[in-house]
Amino acid sequence: MRAMIVKEFRELRRDRRTLAMLVLLPLLLLVVFGYAANFYVGSVQAAVVGPLAATTGPALPEFFDVTVTAPEDTRADAERMVRDNEVDVAFVASGSAITTVALVDGSNLFAAQSSVSVLNKIGGAVRTEVLYNPELKTSWVMVPAIIGLILTFIGTIITSIGLVREREAGTLEQLAVMPIGPSQVILGKIVPYFLLAALDMIVVTVLGMLLFGVPFNGNVLVFAVGAAIFLFVVLGLGVLISTVSQTVGQAIQTAFMILLPQILLSGMIFPLDAMAAGVRWIGYLLPLTYFTMISQGVMLRGAPMSSLWLPLLVLTLMAVVVFTAAVLRFRRDLAPNIRAAEEDS
(Lines give C-alpha, C1' and ligand atoms only; values in the text may rest on other atoms or scores of the structure.)
Protein backbone atom coordinates (compact mmCIF):
# COMPACT_ATOMS: atom_id res chain seq x y z
CA MET A 1 0.00 0.00 0.00
CA ARG A 2 2.71 2.46 1.00
CA ALA A 3 4.74 1.58 -2.08
CA MET A 4 1.72 2.26 -4.33
CA ILE A 5 1.16 5.67 -2.74
CA VAL A 6 4.83 6.61 -3.14
CA LYS A 7 4.75 5.39 -6.75
CA GLU A 8 1.72 7.55 -7.57
CA PHE A 9 3.32 10.64 -6.05
CA ARG A 10 6.51 10.05 -8.06
CA GLU A 11 4.54 9.68 -11.30
CA LEU A 12 2.55 12.78 -10.49
CA ARG A 13 5.76 14.73 -9.91
CA ARG A 14 7.04 13.67 -13.33
CA ASP A 15 3.75 14.55 -15.03
CA ARG A 16 4.12 18.33 -15.01
CA ARG A 17 0.94 18.97 -16.98
CA THR A 18 -1.29 17.19 -14.48
CA LEU A 19 0.58 18.87 -11.65
CA ALA A 20 0.05 22.24 -13.29
CA MET A 21 -3.67 21.58 -13.60
CA LEU A 22 -3.85 20.60 -9.93
CA VAL A 23 -1.98 23.69 -8.78
CA LEU A 24 -2.40 26.43 -11.39
CA LEU A 25 -6.02 25.79 -12.35
CA PRO A 26 -7.41 26.34 -8.83
CA LEU A 27 -5.27 29.49 -8.54
CA LEU A 28 -6.57 30.72 -11.90
CA LEU A 29 -10.18 30.14 -10.87
CA LEU A 30 -9.56 31.89 -7.56
CA VAL A 31 -8.06 34.93 -9.26
CA VAL A 32 -10.74 35.06 -11.95
CA PHE A 33 -13.73 34.74 -9.65
CA GLY A 34 -12.13 36.93 -7.02
CA TYR A 35 -11.06 39.83 -9.26
CA ALA A 36 -12.87 39.36 -12.57
CA ALA A 37 -16.30 37.95 -11.67
CA ASN A 38 -18.06 41.29 -11.65
CA PHE A 39 -20.90 42.26 -13.98
CA TYR A 40 -21.16 45.87 -12.85
CA VAL A 41 -18.99 48.39 -14.68
CA GLY A 42 -17.81 51.17 -12.37
CA SER A 43 -17.30 53.82 -15.05
CA VAL A 44 -17.66 54.26 -18.79
CA GLN A 45 -16.05 56.52 -21.37
CA ALA A 46 -18.36 59.23 -22.61
CA ALA A 47 -18.47 62.05 -25.14
CA VAL A 48 -20.52 65.24 -24.95
CA VAL A 49 -21.37 67.07 -28.16
CA GLY A 50 -23.58 70.00 -29.07
CA PRO A 51 -23.84 73.70 -28.16
CA LEU A 52 -24.24 72.99 -24.43
CA ALA A 53 -21.41 70.42 -24.25
CA ALA A 54 -19.14 72.64 -22.14
CA THR A 55 -21.72 72.98 -19.37
CA THR A 56 -23.34 69.54 -19.65
CA GLY A 57 -20.13 67.52 -19.26
CA PRO A 58 -19.17 68.76 -15.76
CA ALA A 59 -22.76 68.26 -14.57
CA LEU A 60 -22.79 64.54 -15.36
CA PRO A 61 -22.29 61.93 -12.61
CA GLU A 62 -18.71 60.77 -12.02
CA PHE A 63 -19.70 57.41 -13.48
CA PHE A 64 -19.29 58.96 -16.93
CA ASP A 65 -15.63 59.59 -17.75
CA VAL A 66 -15.94 62.36 -20.32
CA THR A 67 -13.05 61.94 -22.76
CA VAL A 68 -14.48 64.03 -25.61
CA THR A 69 -16.13 67.45 -25.39
CA ALA A 70 -17.06 68.83 -28.81
CA PRO A 71 -19.54 71.74 -28.89
CA GLU A 72 -19.32 71.94 -32.69
CA ASP A 73 -20.21 68.27 -33.30
CA THR A 74 -23.71 67.01 -34.05
CA ARG A 75 -25.75 63.91 -33.28
CA ALA A 76 -24.33 62.26 -36.39
CA ASP A 77 -20.82 62.69 -34.96
CA ALA A 78 -21.99 61.25 -31.63
CA GLU A 79 -23.47 58.20 -33.37
CA ARG A 80 -20.22 57.70 -35.28
CA MET A 81 -18.18 57.75 -32.06
CA VAL A 82 -20.46 55.14 -30.51
CA ARG A 83 -20.39 53.00 -33.68
CA ASP A 84 -16.60 53.09 -33.84
CA ASN A 85 -16.38 52.17 -30.14
CA GLU A 86 -14.57 55.39 -29.25
CA VAL A 87 -16.95 55.89 -26.32
CA ASP A 88 -19.63 53.85 -24.56
CA VAL A 89 -22.09 56.74 -24.20
CA ALA A 90 -22.43 59.94 -26.24
CA PHE A 91 -24.47 62.85 -24.88
CA VAL A 92 -26.04 65.24 -27.38
CA ALA A 93 -26.60 68.55 -25.58
CA SER A 94 -28.38 70.51 -28.28
CA GLY A 95 -30.31 73.01 -26.18
CA SER A 96 -33.67 71.86 -27.54
CA ALA A 97 -36.81 71.18 -25.48
CA ILE A 98 -35.28 67.93 -24.31
CA THR A 99 -31.96 69.24 -23.08
CA THR A 100 -29.79 66.14 -23.46
CA VAL A 101 -30.03 62.82 -25.30
CA ALA A 102 -27.80 59.95 -24.17
CA LEU A 103 -26.82 57.51 -26.92
CA VAL A 104 -25.77 54.25 -25.26
CA ASP A 105 -23.81 51.50 -27.02
CA GLY A 106 -25.97 48.42 -26.52
CA SER A 107 -23.36 46.11 -28.06
CA ASN A 108 -21.29 46.57 -24.89
CA LEU A 109 -23.97 44.92 -22.79
CA PHE A 110 -22.64 45.30 -19.26
CA ALA A 111 -21.51 48.88 -19.71
CA ALA A 112 -24.87 49.67 -21.29
CA GLN A 113 -26.80 48.12 -18.41
CA SER A 114 -24.77 50.07 -15.86
CA SER A 115 -25.14 53.29 -17.90
CA VAL A 116 -28.91 52.93 -18.23
CA SER A 117 -29.17 52.30 -14.49
CA VAL A 118 -27.28 55.51 -13.71
CA LEU A 119 -29.20 57.51 -16.32
CA ASN A 120 -32.54 56.36 -14.91
CA LYS A 121 -31.56 57.91 -11.58
CA ILE A 122 -31.01 61.28 -13.26
CA GLY A 123 -34.63 61.39 -14.28
CA GLY A 124 -36.20 63.48 -17.05
CA ALA A 125 -33.18 65.70 -17.62
CA VAL A 126 -31.72 63.11 -19.98
CA ARG A 127 -33.51 60.98 -22.56
CA THR A 128 -31.82 57.63 -23.07
CA GLU A 129 -31.55 55.86 -26.43
CA VAL A 130 -29.88 52.46 -26.63
CA LEU A 131 -28.25 51.85 -30.01
CA TYR A 132 -27.41 48.53 -31.71
CA ASN A 133 -29.16 46.44 -29.03
CA PRO A 134 -32.24 48.41 -27.98
CA GLU A 135 -33.65 45.70 -25.72
CA LEU A 136 -30.24 44.84 -24.23
CA LYS A 137 -30.60 41.19 -25.18
CA THR A 138 -27.83 38.96 -23.83
CA SER A 139 -28.06 36.65 -26.86
CA TRP A 140 -27.17 39.51 -29.21
CA VAL A 141 -23.75 39.98 -27.59
CA MET A 142 -23.17 36.31 -26.75
CA VAL A 143 -23.66 34.84 -30.24
CA PRO A 144 -20.75 36.82 -31.81
CA ALA A 145 -18.54 35.75 -28.90
CA ILE A 146 -19.65 32.11 -29.15
CA ILE A 147 -18.60 32.10 -32.80
CA GLY A 148 -15.06 32.91 -31.66
CA LEU A 149 -15.25 30.30 -28.91
CA ILE A 150 -16.17 27.58 -31.42
CA LEU A 151 -13.28 28.59 -33.67
CA THR A 152 -10.96 28.51 -30.64
CA PHE A 153 -12.18 25.05 -29.68
CA ILE A 154 -11.58 23.64 -33.15
CA GLY A 155 -8.26 25.41 -33.56
CA THR A 156 -6.70 24.39 -30.26
CA ILE A 157 -8.21 21.08 -29.15
CA ILE A 158 -9.27 19.37 -32.39
CA THR A 159 -6.16 20.41 -34.35
CA SER A 160 -3.72 19.46 -31.61
CA ILE A 161 -5.38 16.05 -31.16
CA GLY A 162 -5.22 15.34 -34.88
CA LEU A 163 -1.51 16.16 -35.09
CA VAL A 164 -0.60 14.24 -31.94
CA ARG A 165 -2.28 11.18 -33.38
CA GLU A 166 0.17 11.45 -36.28
CA ARG A 167 2.98 11.23 -33.76
CA GLU A 168 1.44 8.26 -31.96
CA ALA A 169 0.82 6.47 -35.26
CA GLY A 170 4.47 6.91 -36.28
CA THR A 171 3.71 8.82 -39.47
CA LEU A 172 5.91 11.72 -38.37
CA GLU A 173 8.89 9.79 -39.74
CA GLN A 174 7.22 9.60 -43.14
CA LEU A 175 6.76 13.38 -43.17
CA ALA A 176 10.46 13.79 -42.46
CA VAL A 177 11.52 12.17 -45.75
CA MET A 178 9.00 14.01 -47.92
CA PRO A 179 10.45 16.76 -50.16
CA ILE A 180 8.47 19.54 -48.47
CA GLY A 181 9.30 22.01 -45.72
CA PRO A 182 7.82 22.20 -42.21
CA SER A 183 5.70 25.23 -43.11
CA GLN A 184 4.13 23.31 -46.02
CA VAL A 185 3.50 20.33 -43.76
CA ILE A 186 1.75 22.54 -41.22
CA LEU A 187 -0.35 24.24 -43.88
CA GLY A 188 -1.32 20.88 -45.31
CA LYS A 189 -2.38 19.70 -41.88
CA ILE A 190 -4.36 22.77 -40.83
CA VAL A 191 -6.21 23.51 -44.11
CA PRO A 192 -8.89 20.83 -43.46
CA TYR A 193 -9.44 22.20 -39.95
CA PHE A 194 -9.54 25.73 -41.36
CA LEU A 195 -12.28 24.76 -43.80
CA LEU A 196 -14.19 22.85 -41.12
CA ALA A 197 -14.02 25.78 -38.73
CA ALA A 198 -15.12 28.18 -41.47
CA LEU A 199 -18.14 25.98 -42.19
CA ASP A 200 -19.01 25.83 -38.48
CA MET A 201 -18.67 29.61 -38.27
CA ILE A 202 -21.14 30.10 -41.12
CA VAL A 203 -23.63 27.65 -39.62
CA VAL A 204 -23.46 29.18 -36.14
CA THR A 205 -23.71 32.72 -37.49
CA VAL A 206 -26.76 31.93 -39.62
CA LEU A 207 -28.46 29.98 -36.83
CA GLY A 208 -27.75 32.80 -34.38
CA MET A 209 -29.42 35.25 -36.72
CA LEU A 210 -32.42 32.99 -37.34
CA LEU A 211 -33.00 31.66 -33.82
CA PHE A 212 -32.13 34.71 -31.74
CA GLY A 213 -32.71 37.52 -34.20
CA VAL A 214 -29.10 38.69 -33.98
CA PRO A 215 -28.55 41.31 -36.70
CA PHE A 216 -25.68 41.45 -39.16
CA ASN A 217 -25.31 45.16 -39.83
CA GLY A 218 -21.76 45.26 -41.15
CA ASN A 219 -19.66 44.15 -44.08
CA VAL A 220 -19.38 40.39 -44.59
CA LEU A 221 -15.87 40.79 -46.03
CA VAL A 222 -14.60 42.57 -42.90
CA PHE A 223 -16.06 39.80 -40.75
CA ALA A 224 -14.51 37.11 -42.97
CA VAL A 225 -11.07 38.74 -42.86
CA GLY A 226 -11.15 38.99 -39.07
CA ALA A 227 -12.31 35.37 -38.74
CA ALA A 228 -9.61 34.09 -41.14
CA ILE A 229 -6.81 35.87 -39.25
CA PHE A 230 -8.18 34.66 -35.93
CA LEU A 231 -8.35 31.11 -37.27
CA PHE A 232 -4.66 31.22 -38.20
CA VAL A 233 -3.87 32.23 -34.63
CA VAL A 234 -5.82 29.43 -32.95
CA LEU A 235 -4.72 26.82 -35.50
CA GLY A 236 -1.12 27.86 -34.85
CA LEU A 237 -1.76 27.39 -31.14
CA GLY A 238 -3.07 23.91 -31.89
CA VAL A 239 0.12 23.06 -33.80
CA LEU A 240 2.25 24.43 -30.94
CA ILE A 241 0.33 22.29 -28.46
CA SER A 242 0.93 19.21 -30.61
CA THR A 243 4.70 19.85 -30.67
CA VAL A 244 4.92 19.82 -26.86
CA SER A 245 2.58 16.86 -26.38
CA GLN A 246 3.42 13.19 -26.75
CA THR A 247 -0.08 11.80 -26.20
CA VAL A 248 -3.66 12.85 -26.89
CA GLY A 249 -4.25 13.20 -23.16
CA GLN A 250 -1.40 15.70 -22.84
CA ALA A 251 -2.71 17.67 -25.82
CA ILE A 252 -6.19 17.89 -24.29
CA GLN A 253 -4.78 19.03 -20.94
CA THR A 254 -2.66 21.76 -22.53
CA ALA A 255 -5.44 22.91 -24.83
CA PHE A 256 -7.86 23.10 -21.92
CA MET A 257 -5.45 25.28 -19.95
CA ILE A 258 -5.27 27.65 -22.94
CA LEU A 259 -9.02 27.55 -23.64
CA LEU A 260 -10.27 28.22 -20.11
CA PRO A 261 -8.64 31.67 -19.66
CA GLN A 262 -10.04 32.76 -23.02
CA ILE A 263 -13.56 31.88 -21.90
CA LEU A 264 -13.23 33.66 -18.56
CA LEU A 265 -10.97 36.63 -19.35
CA SER A 266 -11.80 37.65 -22.93
CA GLY A 267 -14.84 39.70 -21.97
CA MET A 268 -17.17 36.98 -23.21
CA ILE A 269 -18.67 36.33 -19.75
CA PHE A 270 -17.28 39.03 -17.49
CA PRO A 271 -16.78 42.59 -18.83
CA LEU A 272 -13.16 43.64 -19.18
CA ASP A 273 -13.99 47.09 -17.84
CA ALA A 274 -15.14 45.55 -14.55
CA MET A 275 -11.97 43.50 -13.99
CA ALA A 276 -9.07 44.52 -11.81
CA ALA A 277 -6.26 46.09 -13.83
CA GLY A 278 -3.85 43.16 -13.38
CA VAL A 279 -6.40 40.60 -14.55
CA ARG A 280 -7.68 42.83 -17.34
CA TRP A 281 -4.27 42.92 -19.02
CA ILE A 282 -4.28 39.13 -19.20
CA GLY A 283 -7.46 39.45 -21.23
CA TYR A 284 -5.73 41.81 -23.64
CA LEU A 285 -3.17 39.08 -24.37
CA LEU A 286 -5.82 36.60 -25.53
CA PRO A 287 -6.83 36.32 -29.21
CA LEU A 288 -10.50 35.67 -28.42
CA THR A 289 -10.70 39.15 -26.87
CA TYR A 290 -9.92 40.78 -30.20
CA PHE A 291 -12.11 38.54 -32.32
CA THR A 292 -15.03 39.30 -30.01
CA MET A 293 -14.38 43.01 -30.60
CA ILE A 294 -14.46 42.40 -34.36
CA SER A 295 -17.51 40.13 -34.44
CA GLN A 296 -19.60 42.32 -32.16
CA GLY A 297 -18.46 45.44 -33.98
CA VAL A 298 -19.37 44.11 -37.42
CA MET A 299 -22.56 42.23 -36.56
CA LEU A 300 -24.15 44.65 -34.10
CA ARG A 301 -22.73 48.10 -34.82
CA GLY A 302 -21.92 47.74 -38.51
CA ALA A 303 -18.42 49.01 -37.78
CA PRO A 304 -16.18 49.49 -40.85
CA MET A 305 -12.66 48.14 -41.13
CA SER A 306 -11.23 51.59 -40.39
CA SER A 307 -12.63 51.46 -36.86
CA LEU A 308 -11.51 47.85 -36.29
CA TRP A 309 -7.91 48.29 -37.41
CA LEU A 310 -6.47 47.78 -33.91
CA PRO A 311 -7.95 44.32 -33.16
CA LEU A 312 -7.21 43.28 -36.76
CA LEU A 313 -3.60 44.42 -36.40
CA VAL A 314 -3.16 42.67 -33.05
CA LEU A 315 -4.56 39.41 -34.42
CA THR A 316 -2.29 39.68 -37.46
CA LEU A 317 0.78 40.09 -35.25
CA MET A 318 -0.37 37.15 -33.11
CA ALA A 319 -0.82 35.01 -36.24
CA VAL A 320 2.70 35.79 -37.45
CA VAL A 321 4.29 35.10 -34.05
CA VAL A 322 2.33 31.92 -33.33
CA PHE A 323 2.71 30.45 -36.83
CA THR A 324 6.45 31.19 -36.85
CA ALA A 325 6.87 29.55 -33.45
CA ALA A 326 4.87 26.54 -34.64
CA VAL A 327 7.05 26.12 -37.73
CA LEU A 328 10.26 26.36 -35.68
CA ARG A 329 9.01 23.86 -33.10
CA PHE A 330 7.79 21.49 -35.82
CA ARG A 331 11.12 21.73 -37.65
CA ARG A 332 12.91 20.84 -34.41
CA ASP A 333 10.67 17.80 -33.99
CA LEU A 334 11.34 16.69 -37.56
CA ALA A 335 15.12 17.17 -37.34
CA PRO A 336 15.95 13.85 -35.59
CA ASN A 337 13.80 11.95 -38.07
CA ILE A 338 15.43 13.72 -41.01
CA ARG A 339 18.91 12.78 -39.74
CA ALA A 340 17.79 9.19 -39.18
CA ALA A 341 16.38 9.00 -42.70
CA GLU A 342 19.61 10.40 -44.15
CA GLU A 343 21.68 7.85 -42.24
CA ASP A 344 19.49 4.98 -43.46
CA SER A 345 19.86 6.16 -47.04
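Tyr284 has a relative accessible area of 23%, and because this value lies between the limits of 20% and 50% the residue is classed as partly exposed. In this predicted model, Tyr284 forms an aromatic pair with Trp281, edge-to-face in arrangement, with 5.3 Å from centre to centre and 65° between the planes. Its partner Trp281 is exposed, with a relative accessible area of 58%. The pair therefore joins an exposed ring residue, Trp281, to a partly exposed one, Tyr284.

The count of aromatic pairs comes to seven. One of these brings together Phe64 and Phe91, whose ring centres are 5.0 Å apart and whose planes stand at 90°, so that this pair, too, is edge-to-face. Because Phe64 belongs to strand E2 and Phe91 to strand E3, the contact between the rings ties together parts of the chain that are 27 residues apart in sequence. Phe64 counts as buried at 5% relative accessibility, and Phe91 likewise counts as buried, at 0%. Elsewhere, ring pairs link Phe216, Phe223, Phe230 and Phe291 into a cluster.

The strands that carry Phe64 and Phe91 lead to the sheet itself. Five strands make up an open sheet in the order E2-E1-E3-E4-E5, and their pairing is mixed. Strand E2, residues 64-70, and strand E5, residues 126-131, stand at the edges; each has a single partner strand, and therefore one side of each is left without a neighbour in the sheet. Averaged over the sheet, and with direction ignored, neighbouring strands are turned by 25° against each other. Helix H4, which covers residues 75-83, packs on this sheet and touches E1, E2, E3, E4 and E5, while its direction makes an angle of about 20° with that of E4. Within the sheet, strand E3 (residues 89-93) and strand E4 (residues 100-105) run antiparallel and are joined by five bridges; in one part of this pairing, Ala90 has Leu103 of E4 as its bridge partner.

Strand E4 also holds Asp105, which is buried, with a relative accessible area of 1%. When neighbours within four places in sequence are left aside, the residues in contact with Asp105 are Val82, Asn85, Asp88, Ala112, Leu131, Tyr132 and Arg301. The C-alpha atoms of Asp105 and Glu79 lie 9.2 Å apart in space, although the two residues are 26 apart in sequence.

Two of the residues in contact with Asp105, namely Asn85 and Tyr132, deserve a look at their backbones. Asn85 is found in the loop between H4 and E3, and its phi is near 65°, a positive value in a residue other than glycine. With a relative accessibility of 40%, Asn85 counts as partly exposed. Tyr132 sits in the loop between E5 and H6 and, although not a glycine, has a positive phi of about 70°. At 21% relative accessibility, Tyr132 counts as partly exposed, because the limit for a buried residue is under 20%.

Another contact of Asp105, Ala112, is one of the buried residues of helix H5, together with Leu109, Phe110, Ala111, Ser114, Ser115, Val116, Val118 and Leu119. The cover over the buried residues of H5 includes E1, E2, E3, E4 and E5, as well as helix H6, residues 138-169. The length of H5 can be checked against its residue count: at 1.5 Å a residue, the 14 residues from 109 to 122 should span 20 Å, and the end C-alpha atoms are indeed 20 Å apart, which agrees with the expected value. After H5 comes Gly123, which has a positive phi near 95°.

Taken as a whole, the chain contains 13 helices and five strands. Of its 345 residues, 46% count as buried, and the chain exposes about 16,800 Å², with carbon and sulfur atoms supplying 66% of that area. Among contacts between residues at least 6 apart in sequence, 72% join residues at least 24 apart.

Definitions and conventions: Residues numbered from 1 in each chain as written. Predicted model: local features only at pLDDT ≥ 70, side-chain atom pairs only at ≥ 80, totals over all residues. Heavy atoms only, no water. Pairing = 2+ DSSP bridges. Helix = DSSP H or I, 4+ residues; strand = E, 2+ residues; numbered from the N terminus. Axes fitted to C-alpha atoms, helices over the stretch in contact; angles between N-to-C directions. Contact = heavy atoms within 4.5 Å. Expected span 1.5 Å × (residues − 1). Buried < 20%, exposed > 50% of the residue type's maximum accessible area, 1.4 Å probe, protein only. Areas by Shrake-Rupley, 256 points an atom, 1.4 Å probe, with all protein chains shown as cover. Phe/Tyr/Trp six-rings, centres within 6.5 Å; stacked < 30°, edge-to-face > 60°.
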